[in-house]
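Trainee: I would like to learn how to read the features of a model such as this one. Please take me through it step by step.

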Amino acid sequence: MKGENIHVKLGRKEILHGVDFDAEPGKVTAIIGPNGSGKSTLLKALSGELESYGAISLNGHSISELKPWQLAAMRGVLPQSSTVAFPFTVLEIVRLGLANGLAAADDSLPAKALAHVDLAGFEHRSYQNLSGGEQQRVQLARVLTQVWDATYHDQPRWLLLDEPVASLDIAHQFTVLGVARKFATQGGGVVVVMHDLNLTALFADYVYVMSEGSVWGSGTPTAILNDQTMLQVYGIDLPISTLPKAQVPFILPQAMRQT
Amino acid sequence: MTLAMDHDGLNVAALDRRVTARRVTLALLALLVFTSICSISVGASDASVRAAFADLIAGRDISDLDRIVLWDIRLPRLAMGILVGAALAVSGVVMQGLFRNPLADPGIVGVSAGAGLGAISAIILGAYLPASILAWVGNSLVAVAAFLGGWTSVLLLYRVSTRGGQTSVATMLLAGIALGALSGAVSGVLVYMADDQQLRDLTFWGMGSLAGATWTKAATAAPIILISVFTAQFLARALNGMAMGEAVAQHMGIPVQRSKNIAILAVAGATGAAVAVSGGIGFIGIVVPHLLRLATGPDHHRLLMNSALLGASLLLCADMISRLIVAPAELPIGIVTAILGAPVFLWILLRRHGTMGM
């Protein structure tokens with residue numbers, strides 16, 4: 001997945017100022033940055049939801065030239081939150097992914113997808129009566145059903161996730177990011193907008209740091225999650241620590257220096 | 001298998017609503033056949049019609065009077081009842097899907113009011129038209145004008161609420177209320193210009209009625225309603241997707257903008273044609289989809305078809321009540337549907353209150 005010189009305007013205001021973006025299949029690419037830095041806007045441009053200027057391509061095809069159903073066969077998108085207008089059951093919602101993806105024949109996928117997100121047995125519950133975190137996982141199951149196989153005809157498929165763990169407890173944060181990791185391991189591509197820097201450090205292979213509508217920098221978590229990033233992008237003087245064993249960077253708010 | 005309990009405590013684990021919906025389709029077909037037969041048999045004329053109908057089916061000769069009652073009064077009325085009932089119910093389902101709100105209805109976005117303005121203009125201003133035009137449009141003047149009024153409302157509404165190919169549902173809803181109010185106000189001005197006979201026509205038409213059913217009217221409405229209702233059946237997948245928001249629908253591969261255009265045209269066609277031939281028959285578009293969602297869930301695949309069937313049956317029932325309750329006179333059918341439907345509407349409101357913050 002490639003994006004070159006992406007500009008996005010909402011009304012008269014330009015939100016993204018020429019972003020270059022490159023995500024590889026088989027890897028989890030995270031987009032981080034402060035509130036309002038354009039993370040979600042970038043994801044929406046990449047998914048084709050927002051009109052953008054510049055070139056965005058998926059598996060070598062320009063997304064503006066793909067029909068909605070062709071795009072849907074290549075990538076699934078999990079929005080930040082989804083409200084459902086009518087009293088659908090969990091199964092009926094997950095099945096919508098089935099009806100719209102290419103795996104339409106396999107009626108057992110929704111149940112498998114629900115098991116993946118730790119919601120086995122929730123099939124006949126009413127979606128509207130679930131908690132926010134449960135609803136978010138139902139939506140992820142729907143997206144997984146849409147792009148069940150991480151590759152299709154030797155082409156990678158893509159998961160675009162907008163803050164998938166924002167409303168989840170710590171155990172299910174691992175469940176969901178584990179699903180994303182597995183999808184990448186199987187050859188698919190994952191682009192995920194994240195707020196939690198520790199989970200980003202733990203799960204991402206490559207990180208884009210957004211600041212004020214532009215890419216401030218990018219690199220592996222070890223390379224990009226450093227004291228300078230914290231100071232220049234987030235505006236806080238917070239040294240990054242690393243675990244001596246695994247060399248995984250972690251951000252310890254208690255280490256904040258008083259100014 | 002684990003037994004899941006829904007919030008009402010019902011055991012729903014073994015229940016797949018798709019299977020139920022298929023059974024409901026068959027039951028509704030049977031119901032429609034039954035109500036159709038009842039509708040032909042019931043009326044202000046004497047009971048020999050029933051025997052005549054049996055004779056007709058058996059291939060025996062029937063009297064000229066019976067033939068007239070059956071062929072010129074009962075059957076066109078039956079045909080129009082089925083068409084209008086199906087049109088109103090399907091319009092309701094499509095509007096509700098489009099607006100993501102179970103209370104949306106063609107009446108709410110001003111489509112019915114626009115069609116009404118067209119009809120009222122025709123009734124009152126028709127007399128001023130040159131004789132040549134009157135001769136050309138003949139009896140269908142009101143019908144044509146109502147249809148044009150409904151159509152114009154939708155087009156205006158669409159212009160106001162669409163920017164750069166994107167329709168904002170909120171703007172559309174509010175613009176619909178404004179357009180509906182404007183149509184109502186202009187209609188009110190026109191009513192002041194009406195004479196006694198016109199006022200009587202207006203009142204009758206305004207409350208909705210199948211009493212004026214003729215084969216001509218049925219034939220005017222049939223192609224538009226059939227095309228609209230048939231087209232709507234293909235919107236099921238799009239409406240299901242849009243229930244989760246337009247962005248999600250687009251992510252799932254649904255051509256959202258095109259689907260919305262088709263949905264709007266289908267609603268304009270079905271509602272415009274229905275209002276043209278039968279006036280303001282309310283609440284069918286709210287009650288029918290709501291009852292079916294309670295029974296088989298919100299999946300539009302069966303909801304659209306089942307709504308057409310139940311809408312037709314329900315309107316035939318309301319028509320029978322309207323013919324019987326003050327026989328040999330008859331009550332405008334719109335009064336019957338309002339008396340039956342308005343409490344259901346309030347009930348939906350009360351049930352939603354608290355659960356959805358409405």
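Mentor: Two residues are in contact if their C-beta atoms, placed from the backbone, lie within 7 Å. Keep in mind that this is a predicted model.

Trainee: How many residues does each chain give to the contact between chain A and chain B?

Mentor: Chain A supplies 28 residues and chain B supplies 27 residues. On the side of chain A that touches chain B, the elements giving two or more residues are helix H2 (68-74), strand S6 (75-78) and helix H3 (90-100). H3(A) has the largest share of that side, with five residues. By class, this side of chain A holds 13 nonpolar, 11 polar and four charged residues.

Trainee: What secondary structure does each chain have?

Mentor: Chain A has nine helices and 14 strands. Chain B has 15 helices and two strands.

Trainee: How do I read the radius of gyration of chain A?

Mentor: Compare the value with what a compact globule of that length would have. For 259 residues that would be near 18 Å, and chain A agrees because its radius of gyration is 18 Å. Along the principal axes, the C-alpha trace of chain A spans about 55 × 40 × 35 Å.

Trainee: What share of each chain is buried?

Mentor: In chain A, 48% of the 259 residues are buried. In chain B, 47% of the 358 residues count as buried.

Trainee: And what share of the contacts join residues at least 24 apart?

Mentor: The count takes contacts between residues at least 6 apart in sequence. Of these, 64% in chain A join residues at least 24 apart, and the figure for chain B is 79%.

Trainee: Let us turn to helix pairs. At what angle do H5(A) and H6(A) pack?

Mentor: Helix H5 (residues 132-146) and helix H6 (residues 170-185) of chain A pack at about 10°, and their axes are 12 Å apart. Angles under 35 degrees count as roughly parallel, so H5(A) and H6(A) are roughly parallel to each other. In this pair, A:Gly133, A:Arg137, A:Leu140 and A:Leu144 of H5(A) meet A:His172, A:Val176 and A:Val179 of H6(A). The contact divides into four nonpolar, two polar and one charged residue.

Trainee: How do H1(B) and H14(B) cross?

Mentor: The axes of helix H1 (residues 17-41) and helix H14 (residues 300-324) of chain B come within 9 Å and cross at roughly 25°. H1(B) and H14(B) are therefore roughly parallel to each other. The crossing of H1(B) past H14(B) is left-handed. Residues making the contact include B:Leu28, B:Leu32 and B:Thr35 of H1(B), and B:Met305, B:Leu309 and B:Leu316 of H14(B). By class, this contact has 14 nonpolar, six polar and three charged residues.

Trainee: Now a single residue. Is B:Gly150 buried or exposed?

Mentor: Count the neighbours: a residue is buried if 20 or more other C-beta atoms lie within 10 Å of its own. B:Gly150 has 32 C-beta neighbours inside 10 Å and so counts as buried. B:Gly150 is found in helix H6 (residues 141-161) of chain B.

Trainee: Which residues is B:Gly150 in contact with, leaving aside its neighbours within four places in sequence?

Mentor: They are B:Val111, B:Gly114, B:Ala115, B:Gly118, B:Ala268, B:Thr271, B:Gly272 and B:Val275. For one of these, B:Gly118, the C-alpha atom is separated by 7.5 Å from that of B:Gly150, and the two residues are 32 residues apart along the chain.

Notes
Residues are numbered from 1 along each chain as its sequence is written. Chains are lettered from A and ligands numbered from 1 in the order in which they are written. This is a predicted model: local features need pLDDT of at least 70, side-chain atom pairs count only at pLDDT 80 or more; totals for chains, interfaces and linings use all residues. Axes are lines fitted to C-alpha atoms, for helices over the stretch in contact, and angles run from 0 to 180 degrees between N-to-C directions. Helices (H or I, at least four residues) and strands (E, at least two) are DSSP runs, numbered from the N terminus. Angles under 35 degrees count as roughly parallel, over 145 as roughly antiparallel, 65 to 115 as roughly perpendicular and the rest as oblique. A crossing is left-handed if the near helix is turned anticlockwise from the far one by less than a right angle, and right-handed if clockwise. Ala, Val, Leu, Ile, Met, Phe, Trp, Tyr, Cys and Pro count as nonpolar, Asp, Glu, Lys and Arg as charged, and the others, Gly among them, as polar. The radius of gyration is taken over C-alpha atoms; the globule rule is 2.2 Å times the number of residues to the power 0.38. A residue is buried if 20 or more other C-beta atoms lie within 10 Å of its own, exposed if 12 or fewer, and partly exposed in between; C-beta atoms are placed from the backbone.
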